[in-house]
Amino acid sequence: MNTLYQLFQIIAPVILIIGIGWAYARRKAVDMTATNKLNLELLSPLLVFSAMANKNAQLGQYWLLMLFATIVLLGSGLLAYLVAGKLNYNRAAFAVPQMFTNTGNMGLPLWLFAFGEAAFPGAIAIFVLLNLLHFTLGIKLFNRQAPLTEVLKTPMVWALIAGLIVQYTHIELASWLLKPIKMLGDMAIPLMLFALGVRMAQFKVTRWRAGMIGGILCPLTGLLLAWPLAQLLPSQQAGILLVFGALPPAVLNYLFADQYQQDPELVAALVVAGTLCSLIFIPLALWISLNTPLGY
């Protein structure tokens with residue numbers, strides 16, 4: 001009973017905020033374009049910077065976690081690519097969402113609620129890694145002619161660079177400067193969840209079968225790949241990796257698929273069905289993380 005209540009405490013805030021966003025968007029027309037842009041270009045980068053400005057959170061100590069997350073990402077994409085070929089789906093539209101999962105809207109709050117502030121820099125490490133790969137490799141997989149220089153226009157990259165400079169030059173930032181940065185960064189997580197609920201209400205899903213296949217394949221592959229790798233990590237990082245393996249496809253995949261005309265209807269189905277399936281797989285990953293010996 002205590003374990004079930006612990007899982008409920010972790011998942012309930014995430015589901016409630018997503019549900020509020022969904023319910024609000026079902027009743028009223030909501031345009032989150034400006035808000036999402038604000039989150040992507042200002043609030044989330046400030047969240048990353050404030051986490052990295054913490055002198056006890058050296059990004060370099062999470063290199064093995066980031067390497068294993070990359071292995072999970074590439075392994076999930078390879079299997080999805082092969083499955084898409086067998087089922088005659090658009091391979092890029094089916095495989096890329098399996099690779100780039102929802103580390104922002106769902107991952108960050110889940111990691112924070114489940115493992116606490118002490119483990120949060122490891123979550124930020126995966127979040128930054130996934131963003132960098134998504135804006136480079138992910139875009140290239142959707143459109144091979146897309147210029148990689150686009151990543152230099154991403155504020156997240158500059159927040160990462162600024163955070164690394166602060167970490168490795170031991171610059172002391174005044175508390176009056178860090179406090180507003182952290183306060184603005186802390187707004188990013190609830191806003192991400194609310195925006196996900198709004199987007200879920202706005203999606204028109206027509207390909208449920210393909211969506212459900214991908215929605216189940218994504219976390220199953222991720223968990224199977226993450227489980228043996230998690231045994232080689234410190235226990236807190238092991239839990240972060242396992243939850244990472246259970247996350248559903250990110251909404252950003254739909255925006256890229258629509259921009260590059262790579263079967264956006266299929267991607268929409270994967271995002272919605274994957275998010276629904278995550279209601280089963282994320283509690284499973286959390287239960288394993290909190291109740292079985294992982295890592296060392």
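Here is a walk through the nonpolar cores and salt bridges of this structure, which is a predicted model.

Let's start with the packing. The largest nonpolar core has 90 residues, and the members that touch the most others are Leu 108, Leu 110, Trp 111, Leu 241, Phe 244 and Leu 286. If you want one helix to look at here, pick H5, residues 103-142, which gives the most to this core with 19 residues. Leu 286 is a handy spot to zoom in on: setting aside neighbours within four places in sequence, Leu 286 is in contact with Leu 7, Ile 10, Ile 11, Leu 110, Ala 114 and Val 243. Apart from the largest core lies another one, made of six residues, including Val 30, Met 32, Val 198 and Ala 201.

Now for the charged side chains. Searching the whole structure turns up two salt bridges. One of them pairs Asp 186 with Lys 182, with the closest N and O atoms 3.0 Å apart. Both partners sit in helix H7 (residues 175-186), four residues apart, or about one turn of the helix. Asp 186 counts as partly exposed because its relative accessibility is 40%, and Lys 182 is partly exposed too, at 40%.

The other pair is Arg 207 and Asp 263, whose closest N and O atoms are 2.7 Å apart. This bridge links distant parts of the chain, 56 residues apart: Arg 207 is in the loop between helices H8 (188-202) and H9 (208-230), while Asp 263 is in the loop between H11 (252-259) and H12 (264-291). Asp 263 has a relative accessible area of 18%, so it counts as buried, under the 20% cut-off. Arg 207, at 27% relative accessibility, is partly exposed.

How values were computed:
Residues numbered from 1 in each chain as written. Predicted model: local features only at pLDDT ≥ 70, side-chain atom pairs only at ≥ 80, totals over all residues. Heavy atoms only, no water. Core = buried A, V, L, I, M, F, W, Y, C linked by side-chain atoms within 4.5 Å. Buried < 20%, exposed > 50% of the residue type's maximum accessible area, 1.4 Å probe, protein only. Helix = DSSP H or I, 4+ residues; strand = E, 2+ residues; numbered from the N terminus. Contact = heavy atoms within 4.5 Å. Salt bridge = Lys/Arg side-chain N within 4 Å of Asp/Glu carboxyl O.
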